[in-house]
Amino acid sequence: MAKFLYVYHGSGKMPTEEAERKAAMDAWTGWYDKLGSAVVDGGNPVGMSKTVMPGGTVENNGGSNPTAGYTIVEAKDIDDAVAKARDCPILMNPAFSVEIAPIIEMM
């Protein structure tokens, strides 16, 4: 099995109400349970990034498509990884997307 990086993109707000946070966590837990042993690293959300551009200029706002978090999964191939991502809870928000890339083992 190959490993794939899911990079979550978008700019949304974290739920502020306890019931909303619990519902979001329950959705993620349910999705991870469905993926089972395919989840290599459940990942985490990330904070606002900075982007270093050629020439050394820095974008402080995460750029045009900010990273929101990541997960690493195992799958047969990229099409299988895409199929697994289709049920990702982050996709319930139309402001978010999942980028999927194969991890190339160098060592």
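Visitor: How do the residues lining the largest pocket divide into nonpolar, polar and charged?
Guide: The model is predicted, with residues numbered from 1 along each chain as its sequence is written, and local features need pLDDT of at least 70. Side-chain atom pairs count only at pLDDT 80 or more, totals for chains, interfaces and linings use all residues, and side-chain values use heavy atoms, without hydrogens or water. Ala, Val, Leu, Ile, Met, Phe, Trp, Tyr, Cys and Pro count as nonpolar, Asp, Glu, Lys and Arg as charged, the others, Gly among them, as polar. The lining of the largest pocket thus divides into 18 nonpolar, 13 polar and three charged residues.

Visitor: Which residues lie nearest the centre of the largest pocket?
Guide: A pocket is an open set of 1 Å grid points, over the protein atoms alone, where a 1.4 Å probe fits, with protein on both sides within 12 Å along at least five of seven lines; lining residues have an atom within 4 Å of a point. There are 34 lining residues, and nearest the centre lie M14, W28, P45, I90 and F96.

Visitor: Which element supplies the largest share of the lining of the largest pocket?
Guide: β1 (2-10), α1 (18-35), β2 (39-45) and β5 (67-75) each supply at least two residues of this lining. Helices (H or I, at least four residues) and strands (E, at least two) are DSSP runs, numbered from the N terminus. The largest share, eight residues, comes from α1.

Visitor: How far apart are the C-alpha atoms of T29 and P89?
Guide: T29 lies in helix α1. Along the chain, T29 and P89 are 60 residues apart, while their C-alpha atoms are separated by 9.6 Å.
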